[in-house]
Amino acid sequence: SKGENAVSVVVTTAKMVEFNPPTEYVGHIEPEEATDILPQIDGYIKKVCFAEGAKVSAGDLLFEIDREQYDASRNLRYSEVRSAEAKVEVAKSDLERAERYYRRLTAADNRGITATEMDNAEMALSAAKATLNSAVAAVEQAKASAAIAEFNLKHTKVFSPISGRIGKALHHVGDYVSPSKSALAHVVKLDPIRVVFPITDRDYDAWQSAAERRGTQLNASRRFRIRLPNGEEYAERGTIEFGDNEMSRETGTLVMYVSFPNPSGRLVPNAFVRVLSDEANPPRVLAVPSGAVVLSGDGARVWTVDGENKARSVSVEIGKTWNGVTLVKSGLSEGDKIVSSGAFKLKEGASLVCHEGNEVR
């Protein structure tokens, strides 16, 4: 009977799904900011104010340099300022006397004033003005020296310019340091942190084309994930910071910089990771379970089930396969009933006993 000759198969329907295979790249981790802590002055380290390997915030005190000589220098410079200012007052008084004398002579009867007296008065007035100008300049110079002394004293305390994690102390209490010597420590900003990786010119063009088709920016059209060295997927998602401003002529690649939140410090600078990138809002496409596609010398075919539960072979054009699903470009329509398992034993027109399963998701 027909029932005895029927072939038992598993069937499903061709569906529109989000077909979004990720592209994988090898990247390395680098900090968005890193800085060497350098002394601005010479001196002996008096105190180290941090725990090595600890998190520090911008403005945290890291080192203290002995300030005794800088206190003395500041006091000396301010005493010089006061002395110079006193000399200005004396010069002002001398100028006022010279001006009064000169005015008296010019107001007096010329017959009672000799030419020598007038010349001496003019010379005294000019000298008094020059002395005052010199005294005022000396005040400015003394103030500049005091400002330098203040700068030096201020920099006996060394603060962190950024927030991040500090490494080992490269100098310790009693060490003599100066701006020309090595750094005191190194601070790295860890959160957020960036992953750097090259993409091919073809991938970059595809990314840009997809973004333009959707009328979005590149950053909004791509999704970025990280696979850690142990195979685990990192919990946070990345955002494009920027792409390099030119393609490498040698490799045909463009370097991308993607920022990832790193609140726990799981991502460490200079480590290597794998970057997975796929579309943030992928288009829905027609797809079938990969097991439903039969490949032969004539191309790809899929067995469909007609209204009488008969097997019908259909030629299809297929695309990529991903995650057990194959993209179908033509030959099928959404909702077509297809054989997803057992297709290898079918013949055209064979009667089928259908079991639902292997649904495309």
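**Figure legends for a predicted model**

**View 1. Helices and strands of the whole chain.** The chain shown here has five helices and 23 strands, and the model that contains them is predicted. Its C-alpha atoms fill a box of roughly 155 × 55 × 35 Å along the principal axes. The radius of gyration of the chain is 42 Å, whereas a compact globule of 361 residues would have one near 21 Å.

**View 2. Aromatic pairs, with Tyr234 and Phe260 as one example.** In the chain, the count of aromatic pairs comes to nine when ring centres must lie within 6.5 Å. The centres of the Tyr234 and Phe260 rings are 6.5 Å apart and their planes stand at 65 degrees, so this pair is edge-to-face. Because Tyr234 lies in the loop between β13 (222–227) and β14 (239–243), while Phe260 belongs to strand β15 (residues 253–260), the pair ties together parts that are 26 residues apart in sequence. Tyr234 counts as buried because its relative accessibility is 7%, and Phe260, at 0% relative accessibility, also counts as buried.

**View 3. An aromatic cluster.** Tyr25, Phe197, Trp207 and Phe224 come together in one aromatic cluster.

**View 4. Burial, contacts and surface.** Of the 361 residues of the chain, 35% count as buried, and the chain exposes about 20700 Å², of which carbon and sulfur atoms supply 49%. Among contacts between residues at least 6 apart in sequence, 76% join residues that are at least 24 apart.

**View 5. Charges of the chain.** The chain carries 46 positive and 50 negative charges, and the mean positions of these two sets are 3 Å apart.

How values were computed. Residues are numbered from 1 along each chain as its sequence is written. This is a predicted model: local features need pLDDT of at least 70, side-chain atom pairs count only at pLDDT 80 or more; totals for chains, interfaces and linings use all residues. Side-chain values use heavy atoms; hydrogens and water are left out. Rings of Phe, Tyr and Trp (its six-membered ring) pair if their centres lie within 6.5 Å; planes under 30 degrees apart count as stacked, over 60 as edge-to-face and the rest as tilted. Helices (H or I, at least four residues) and strands (E, at least two) are DSSP runs, numbered from the N terminus. Buried means under 20% relative accessible area, exposed over 50%, partly exposed in between (1.4 Å probe, protein chains only). The radius of gyration is taken over C-alpha atoms; the globule rule is 2.2 Å times the number of residues to the power 0.38. Contact means heavy atoms within 4.5 Å. Accessible areas come from the Shrake-Rupley method with a 1.4 Å probe; for residues, only the protein chains shown count as cover. Lys and Arg count as positive and Asp and Glu as negative; His and the chain ends are not counted. The place of a charge is taken as NZ of Lys, CZ of Arg, CG of Asp or CD of Glu.
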